[in-house]
Amino acid sequence: MTQTRPRTPPTYEQLRAMAGQELGVSDWTTVDQNRIDQFAECTGDHQWIHVDPERARRQSPFRTTIAHGYLTLSIIGALALDMGIVPENTQAAFNYGFDRVRFLSPVRVGARIRLRTTLLSMEDRGPGQYLMKAANTVEIEGEQKPALTAETLVMLYERRRRAGA
């Protein structure tokens, strides 16, 4: 498969002109039981459908454990950073929120997922500050339906140039 990952990060100027364009597709990452268990430990969500493989095999309609929806949602940030879509001269990038999050299909333990991102808008929010809105789809390898779709809002702060530089 061909990856559409940028070779070098785009500039802020380039990003502003890319609204409506796909920014990239991440590499595949595996959602294993260890990752699910660590997420359960961090959040306190120890529901059996996530952390009890034997019970899930017997009682779950999926016959195996599944990732927490919020685990899948939280992976978006790391996969987006790995795609290299944040401009190089970024001082900081902060999660500003989500719009239109939909959990469409469970991620079974051992599944591989990847992120596909399309830029929706780049809004100037002040000198060197931009609100980036992107449409994200978390795809599950070998499945027709994605795990989820979500619009992310990220506040980007451009590194300031020093006087005389």
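This report describes a nonpolar core, a pair of helices and an annotated domain in a predicted model.

Residues are numbered from 1 along each chain as its sequence is written. Because the model is predicted, local features need pLDDT of at least 70 and side-chain atom pairs count only at pLDDT 80 or more, while totals for chains, interfaces and linings use all residues.

UniProt, in an unreviewed entry, places the feature "domain: MaoC-like" at residues 18-126, an annotation that may be inferred rather than shown by experiment. Over residues 18-126 the chain is 33% helix and 32% strand, with the end C-alpha atoms 20 Å apart; helices (H or I, at least four residues) and strands (E, at least two) are DSSP runs, numbered from the N terminus.

The largest nonpolar core, a set of buried (under 20% relative accessible area, 1.4 Å probe, protein chains only) nonpolar residues joined through side-chain atoms within 4.5 Å, has 31 residues, of which Val31, Val107 and Met122 touch the most other members. The elements below each supply at least two residues of this core, and H5 gives the most, with 6 residues.

| Element | Residues |
|---|---|
| Helix H1 | 12-16 |
| Strand S4 | 112-126 |
| Strand S5 | 129-140 |
| Strand S6 | 148-158 |

Helices H2 (residues 33-43) and H5 (residues 69-82) have axes, fitted to C-alpha atoms over the stretch in contact, that come within 10 Å and cross at roughly 100°. That makes H2 roughly perpendicular to H5, a term for angles of 65 to 115 degrees. Arg35, Ile36 and Phe39 in H2 meet Tyr70, Leu71, Ser74 and Ile75 in H5, with contact meaning heavy atoms within 4.5 Å.

Terms used
Side-chain values use heavy atoms; hydrogens and water are left out. Axes are lines fitted to C-alpha atoms, for helices over the stretch in contact, and angles run from 0 to 180 degrees between N-to-C directions. Angles under 35 degrees count as roughly parallel, over 145 as roughly antiparallel, 65 to 115 as roughly perpendicular and the rest as oblique. Buried means under 20% relative accessible area, exposed over 50%, partly exposed in between (1.4 Å probe, protein chains only).
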